[in-house]
Each structure stands twice: as C-alpha cells, then as structure tokens.
Amino acid sequence: MSKSVPELLNPNLKAMASDYLYHLDINVANTKDTSDIQQRFGDVKVICMGGTGSRMRALAVYLSEVLGLPDSSDPQDLCARGHRYAMYKVGPVLCCSHGVGSSTFSVVLHELLKLVKYAGCQDPVFLRIGTCGGLGVPPGTVVVTKDAFNGLLRNEHEIAILGKRVVRPAKFSEEVIKDIMAYGVDAKDGFQTVSGNTMGTDCFYEGQGRTDGAICEYSDEDKMAFLKKCHSLGILNIEMEASMFASVTQKIGVKAGDVCVTIINRLNGDQVTIAMDQKHEFEQRPFLVVGRYIKKLLQQ
C-alpha cells in the first residue's frame, strides 16, 4: 500500500510564504522549502497527545524504553519557549500536551496537522491518551473509542464558523481501533481494555450531568436518566475532546485513535475519590496499550 503525506483542506496555505506555528513556537520560514522542518520532524510516524505536559513527558520517557531508543530519561520540551504546550520527540514519535477540552486541543491539533504536512510525514497516526469518566465499567478500565458523540448525544461535532452552525461526522479509524485491540492488549495486564463509544462534552460539570458543580438546575433523577440513555447508545466513557478530535482527523483523512482510562464509574457518583497514587497507576495503563500498538506499527 502506497504511503502519502496528509492533504490539508485550506487553499490559503499555498499562498503563504511562511507559517509561524505560534502555539508550538515553530517557525516554518519558507513554505516552499521546508527541508529544515523535514530534517527535524520528517521521520515522525505517530503523534501522541494528552492533557498535561507532565503526562506527555512521562509517556516520552516510557516510549523510549519500549522502543529501545537511546537514553531519553530527560527529554527536551521543544515548545518550552511558547509557555503554552509541551512537546517531546522520541525517535519517530511526538508526545504533545493539549490542555483540557476541545477548545485548547483544537488549537494544537491544527498546528500539528500543519507540522506533519510541512515535514512530509507519511501516513502519520494521531493518538489521544488520557483519563475519563466511565459509564458502567469499573475505574481503571481502558476504553478505545469507536464513535464519538457530542453532548447532544449525536455522533458528530458541532462548531460555529463565521456565525453559522457547521456539523461534521465524528468517527475514528476502524483500522486503528482494530489494531490497538489486537496488538495493544495483553490478557495478563490485570485490567480490562474495551472498545466502545465516547461522549465528548463542552463542560466538565453541567455538560456531563454532574450535580456537584457551581450550577445545577436538574435533579439526580434527571442525571441518572441521561447517563442511562448515554449507556444505551454504547457510550462507555465521557470526556471533553473525542468528538472534536474525531471530526477534524476524519475531515482531513488522517488515521486517529482515542485511548483513555476511566477513573470513576459515573453510574455510581460524580466525585473522583480514588487516591492519587492509584490515579497515577491508572494513567500508566493507556501507556501500556499504546506502547505495544506503536511498537507493532513501527515494525510494519
């Protein structure tokens, strides 16, 4: 199968002599000759993204061990001067933070898509690794997203563009899902990895039906009816990024996957009560799954 560089859907980029990826603090000084960017990033095959810089640094260190790369115990933050996102390069893998929610994630996702285009990366795979609330699955379960639903329980992402409502489908790559489940899961893990649908909301509290925020204008019965409806749609977890992530990558035509660990079963309550040590252990679980998948991917 032939490999290709992602084609971006913005004709205006062709008229730009240079392109400063502001939030990444990476300057593409000459868009007609990107050999410097290709030299730095042209070998990238996988772009891993997660909420915090510290988690992405930990992932970079972990992947350097999994992939048998030279010592990367102290990886360099390539975006440190920008003071917005953190990004680490481990061989052919980028590990980049995206903040909380779709708004901050979409900013860096656009710039990362442009970066891999300028770098000439062939068939890159974008992965999100994070935490989430579970629905009907115990805390510590790793969920690999199939379809992404928005807060209106529709398998789509909605965005306002030039004052108009634009709706796009939100599905992840079936190939990536299949391969993560085939190569990333080990029966000896001691935790469950499942594939199911995900709801990505615009709000952690009201948008997810929580009753412990600063505002709540619905009853506990209303909340439970909503969560049960979510579960009936095959939704196994709730977070704040999946629908945007799926829709943008699907629109561009790049492969993508979302792998998150649950830290609460929302059918049992709203408060995250697990100890911090246990939370840190849970956060390592997607590392294991994604690490095996990436190792297999790079062998192909």
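**Figure 1. Surroundings of C96 in strand β5 of the predicted model.** Outside the residues up to four places away in sequence, C96 touches L24, C48, M49, G50, M56, A86, M87, V108 and L112. The residue belongs to strand β5, which spans residues 93-97. C96 is buried, and its relative accessible area is 0%. The C-alpha atoms of C96 and L298 are separated by 19 Å, with their positions 202 residues apart along the chain.

**Figure 2. Cysteine sulfur atoms around C96 and C132.** How many disulfides does a search of the whole structure find? The search returns 0. A disulfide is a covalent bond between the sulfur atoms of two cysteines. For C96, the closest cysteine sulfur is that of C79, at 5.5 Å, which is too far for a bond; the cut-off applied to a pair of sulfur atoms is 2.5 Å. C132 is likewise in no disulfide, and the nearest cysteine sulfur, in C260, lies 5.0 Å away. With a relative accessibility of 6%, C132 counts as buried.

**Figure 3. Crossing of helices α4 and α7.** Helix α4 covers residues 174-183 and helix α7 covers residues 276-299. Their axes come within 8 Å and cross at roughly 105°. The two helices are therefore roughly perpendicular to each other, since angles of 65 to 115 degrees are assigned to that class. On the α4 side the contact is made by V176, D179, I180 and Y183, and on the α7 side by V289, R292, Y293 and K296. These contact residues divide into 5 nonpolar, no polar and 3 charged.

**Figure 4. Y293 and K296 of helix α7.** Y293 lies in helix α7 and is buried, with a relative accessible area of 2%. Neighbours within four places in sequence aside, Y293 is in contact with V125, L127, V176, D179, I180, Y183 and G184. Q208 is 85 residues from Y293 in sequence, and the C-alpha atoms of this pair are 30 Å apart in space. K296, also found in helix α7, counts as partly exposed at 32% relative accessibility. The C-alpha to C-alpha separation of K296 and D179 is 9.0 Å, and the pair is 117 residues apart in sequence.

**Figure 5. Nonpolar cores and the contacts of L127.** In soluble globular proteins, nonpolar side chains tend to be buried together. The largest nonpolar core of the model has 69 residues. Which of its residues touch the most other members? They are C48, L112, F126, L127 and I294. Helix α3 (residues 102-119) supplies the largest share of this core, with 9 residues. L127 is in contact with V46, I47, C48, M49, V176, I180, F245, G257, V290, Y293 and I294, its neighbours within four places in sequence being left aside. Apart from the largest core lies another core of 9 residues, including L135, F149, L153 and I238.

**Figure 6. G133 in strand β6.** Strand β6 runs over residues 125-134 and includes G133. At a relative accessibility of 9%, G133 counts as buried. When residues up to four places away in sequence are not counted, G133 touches L236, N237, I238, T262, I264 and R266. G133 and I263 are 130 residues apart in sequence, whereas their C-alpha atoms are 5.8 Å apart in space.

**Figure 7. Positive phi angles at L153 and L162.** L153 has a positive phi of about 65° although it is not a glycine. L153 is placed in the loop between β7 (142-149) and β8 (156-161). Is L153 buried or exposed? L153 is buried, with a relative accessible area of 14%, and it is among the members of the 9-residue core. L162, also not a glycine, has a positive phi of about 50°. The loop that holds L162 lies between β8 and β9 (164-169). At 83% relative accessibility, L162 counts as exposed.

Key
Residues are numbered from 1 along each chain as its sequence is written. This is a predicted model: local features need pLDDT of at least 70, side-chain atom pairs count only at pLDDT 80 or more; totals for chains, interfaces and linings use all residues. Side-chain values use heavy atoms; hydrogens and water are left out. Axes are lines fitted to C-alpha atoms, for helices over the stretch in contact, and angles run from 0 to 180 degrees between N-to-C directions. Helices (H or I, at least four residues) and strands (E, at least two) are DSSP runs, numbered from the N terminus. Angles under 35 degrees count as roughly parallel, over 145 as roughly antiparallel, 65 to 115 as roughly perpendicular and the rest as oblique. Contact means heavy atoms within 4.5 Å. Ala, Val, Leu, Ile, Met, Phe, Trp, Tyr, Cys and Pro count as nonpolar, Asp, Glu, Lys and Arg as charged, and the others, Gly among them, as polar. A nonpolar core is a set of buried Ala, Val, Leu, Ile, Met, Phe, Trp, Tyr and Cys residues joined through side-chain atoms within 4.5 Å. Buried means under 20% relative accessible area, exposed over 50%, partly exposed in between (1.4 Å probe, protein chains only).
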